[in-house]
Structures are given as structure tokens and as C-alpha cells.
Amino acid sequence: MEYRKIKDDDDEDDHDVASDLESLKGKSHTVASSNIALATLGGERTNWKRKGVVTCALTILTSSQAILIVWSKRAGKYEYSVTTANFLVETLKCALSLLALTRIWKNDGVTDDNRLSTTYDEVKVFPIPAALYLFKNLLQYYIFAYVDAPGYQILKNLNIISTGVLYRIILKKKLSEIQWAGFILLCCGCTTAQLNSNSDRVLQTSLPGWIMAIIMALLSGFAGVYTEAIIKKRPSRNINVQNFWLYVFGMAFNAVAIVIQDFDAVTNKGFFHGYSFITVLMILNHALSGIAVSMVMKYADNIVKVYSTSVAMLLTAVVSVFLFNFHLSLAFFLGSTVVSVSVYLHSAGKLR
């Protein structure tokens, strides 16, 4: 009897110890799950904050781009040399790319994919998009003789059509039916936004303005598609290295443009003649816009870029009402809405 009682007590103690171990395991599993959940939640919050910052930055930069160009004029003319402004934009972008590379070298070391040294075969393709961007950026200043800032933001979306068509021709990428429908809506939206009921002219923008907008769209589309083809030719190559060489050739071409177009003015009046605080802001805006687009592609997605573009059109129009006495008509509002829908359809079709 005593032996059986002692054995029963030992069994009860073993059962209690096992229960305690199971309880501890359960608690530790619960704590671990809680830590994982908290870490995941913290990561999602950080990601959403990053997306929010990038989206706001791209929207502000995009909407203020046309406004700053128009605002930098004095008595309807540019007192500064637009070629020197373009040169400084390319120089700043080149410096930012080099700064990013320096940080990568410091953290990860120098590798074959992030070193600046290159071959002739790799670098010989960059002058073509650099030259295209040169002409497109110069036209960007002169188009404002025929179009206002909100109209420019609308017409700038024509590069979606040129990019889509050139994707099909050069990169052999098929376009979905949704994307083609988006192209048709985009043309209708751009035309609707330019309707003018207060004048004998049907459209607010004259024929030279439309021609310059179409040329800019073709230049931008071809340069963008060609640059993407270069990047995808060696996907492991660091994007900052490729950007660096693109901007180096951009600096070289803009230096040639300064000599051809503004050599006398720069020699007699100085490189920074006519510059103002608004001009400096405009240069910073142009340089940071490219960086912001890269950050959107890295930390967010293409939908964020679409929404930023759509909001920027309306934001530019609202700001222009106060700065330039822009008349926000019903046709412009309806046209910009149609353009926003078409841009979304183009992106949705691409994602599918």
C-alpha cells in the first residue's frame, strides 16, 4: 500500500512537470508568434510610410515642374540661358548618382556590377538617349509660348501613346485591349481639356503647341524605350552606374548646346546671368524628379506613379488659378478626369 501510494505520488509529480513544460512551450510559442506579428506589423507600417513619402514627393515635384518653368519667366521671356539650366540639371543628377554609388561602395564594396569602369561596347549606346533627352528638355521650355502650365500637364501624357507604340515596335511587347482603349480615351481627354468656348479658336493650344507636344512625346517615348532596352541588356548592372554614364553624355551634349546657342550670352553676361531663386528651385525640381521616379519603382509600384500623375494634373490647375489667373473650365475638368481614367487603364492593362 505504501509503495503504491508513493508511486501514485511520483506519477502525479511527473504529470505536473509535463504540464508545466507544455505550458512553458505554449507561452514561448505565443510570445514568438506575437513578436513575429509585431515585426510584420512594424514592417508594413514602415513600408506604408515610405510609400506615402515617395508618393507625396513625386506628386509635388510633378505638379510644380511646369509651374516653376512658367514662374521663372520675366515679362514672358527667360532672362537666363535654358541651355545652362539644362546643363546644371544633368550635372546635379550625375552628382546624385555618384553619391549613391559612393554609399553602395562603402556598404557593399566595389563589384563588377557597380564599378564605374566600363567598356566601349557598353558605353557607346548612351549618347543616343542623351541626345534625345537634350532636344526634349529644350522643347520643354519653348512650348510654354503656346500652352499654359495645366495644359502642358495634360499634353505631356501623350508620351504614354508614343511609349506604348514604340514598345510594340522596338521591344516587341504586345499591348492589351485595355491599353489600346486607354490610348483612345487619352486622346479624347487631351482634346476635351483643350476645348475653348470663350474664343473663336476651338482649342486653347495652337497648332505649333500641339506639334511641339507631339514631338516631345515621340522624343520622350523613344528615349525611354531605348534606355529600358539598354538597362535590360545587362540587368545585373547597377542602375546608378548606367544613370551616371547617361548623365555624363547629357552634360557633354548640353555643353555643346551652350556653345552653339548661348556662347556669346554666357561669355559676355556670365554663366548664371538672369538666375533667380525660382530658377534654382526649377533646376532642383528637374533633378529630383528623376530620382523620385526611381524611388517609386523601388519602394512603391507603377500604380503610385499613375495616381501621382493624375493628382499632379489637378494640383497644377488649382495652383495656376492663383498664380497665373488660369480659368478652370468644365471642359478642362472633364478632360483631366478622362485623362486620369485612361492613365489608370493603361497601367491596369500592363499589370495584367
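**Surface and overall make-up**

Show the accessible surface of the protein chain: the total is about 19,900 Å². Carbon and sulfur atoms account for 65% of that area. Keep in mind that this is a predicted model.

Now colour by burial. Of the 352 residues in the protein chain, 40% are buried. Switch to cartoon. The protein chain shows twelve helices and zero strands. Read from the N terminus on, the order of elements is α-α-α-α-α-α-α-α-α-α-α-α. Turn on contacts and keep those with a separation of 6 or more; 85% of them join residues 24 or more positions apart.

**Stop 1: α1 and the loop after it**

Select residues 2-71, helix α1, and pick out Cys56 within α1. Cys56 is partly exposed, with a relative accessible area of 48%. Add Ala292, which is 236 residues away along the chain. The C-alpha atoms of Cys56 and Ala292 are 9.9 Å apart.

Move on to the loop between α1 and α2 and select Tyr78. Is Tyr78 buried or exposed? Its relative accessibility is 18%, so Tyr78 counts as buried, the cut-off being under 20%. Beyond residues up to four places away in sequence, Tyr78 touches Ile69, Ser72, Lys73, Tyr141 and Phe144. Draw a distance from Tyr78 to Tyr141: their C-alpha atoms are separated by 8.9 Å, with their positions 63 residues apart along the chain.

**Stop 2: α2**

Select residues 82-108. The 27 residues of helix α2 should span 39 Å at 1.5 Å a residue, and its end C-alpha atoms are 39 Å apart, which agrees. Buried residues in α2 include Val82, Ala85, Val89, Cys94 and Leu101. Polar names are on that list too, among them Thr83, Asn86, Glu90 and Lys93. Step past the end of α2 to Gly109, where phi is positive, near 85 degrees.

**Stop 3: aromatic rings**

Show Phe, Tyr and Trp side chains. How many aromatic pairs does the count come to? The count is nine. Zoom to Phe244 and Trp245. Their ring centres lie 5.5 Å apart with planes at 80 degrees, so this pair is edge-to-face. Phe244 is buried, at 12% relative accessible area, whereas Trp245 is partly exposed at 21%.

Next, select Tyr78, Tyr80, Phe87, Tyr141, Phe271, Phe272 and Tyr275. Ring pairs link these residues into a cluster.

**Stop 4: the nonpolar cores**

The largest nonpolar core has 47 residues. Which residues have the most contacts inside it? Select Tyr80, Tyr141, Ile143, Phe144, Leu158, Cys190 and Met282. Helix α8 gives the most to this core, with seven residues.

Centre on Met282. Setting aside neighbours within four places in sequence, Met282 is in contact with Leu68, Ile69, Ser72, Tyr80, Ala85 and Tyr141. Then look for a second, separate core of nine residues, which includes Val125, Ala130, Ile230 and Tyr247.

**Stop 5: α6 and α8**

Select residues 159-170, helix α6. The twelve residues of α6 reach 15 Å from first C-alpha to last, close to the 16 Å expected at 1.5 Å a residue. The buried residues in α6 are Ile160, Ile161, Ser162, Gly164, Leu166 and Tyr167. Just after α6 comes Lys172, with a positive phi of about 60 degrees.

Now add α8, residues 207-233, and find Leu218 in this helix. Leu218 is partly exposed, with a relative accessible area of 49%. Leaving aside neighbours within four places in sequence, Leu218 is in contact with Ser162 and Leu166, both on the buried list of α6. Label Asn159 as well: its C-alpha lies 6.5 Å from that of Leu218, though the two are 59 residues apart along the chain.

**Stop 6: α7**

Finish with residues 177-193. Helix α7 has 17 residues and reaches 24 Å from its first C-alpha to its last, close to the 24 Å expected at 1.5 Å a residue. Colour Gln179, Gly182, Phe183, Leu186, Gly189, Cys190 and Ala193, which are buried. Where do they sit around the axis of α7? Look down that axis: the buried residues fall within an arc of 130 degrees, so they line one face of the helix. Rotate to the face turned away from the buried side, and select the exposed residues Glu177 and Ile184 there. One more link back: Cys190, buried in α7, is one of the residues with the most contacts inside the largest nonpolar core.

Definitions and conventions: Residues numbered from 1 in each chain as written. Predicted model: local features only at pLDDT ≥ 70, side-chain atom pairs only at ≥ 80, totals over all residues. Heavy atoms only, no water. Helix = DSSP H or I, 4+ residues; strand = E, 2+ residues; numbered from the N terminus. Expected span 1.5 Å × (residues − 1). Buried < 20%, exposed > 50% of the residue type's maximum accessible area, 1.4 Å probe, protein only. Arc of directions from axis to C-beta. Contact = heavy atoms within 4.5 Å. Areas by Shrake-Rupley, 256 points an atom, 1.4 Å probe, with all protein chains shown as cover. Phe/Tyr/Trp six-rings, centres within 6.5 Å; stacked < 30°, edge-to-face > 60°. Core = buried A, V, L, I, M, F, W, Y, C linked by side-chain atoms within 4.5 Å.
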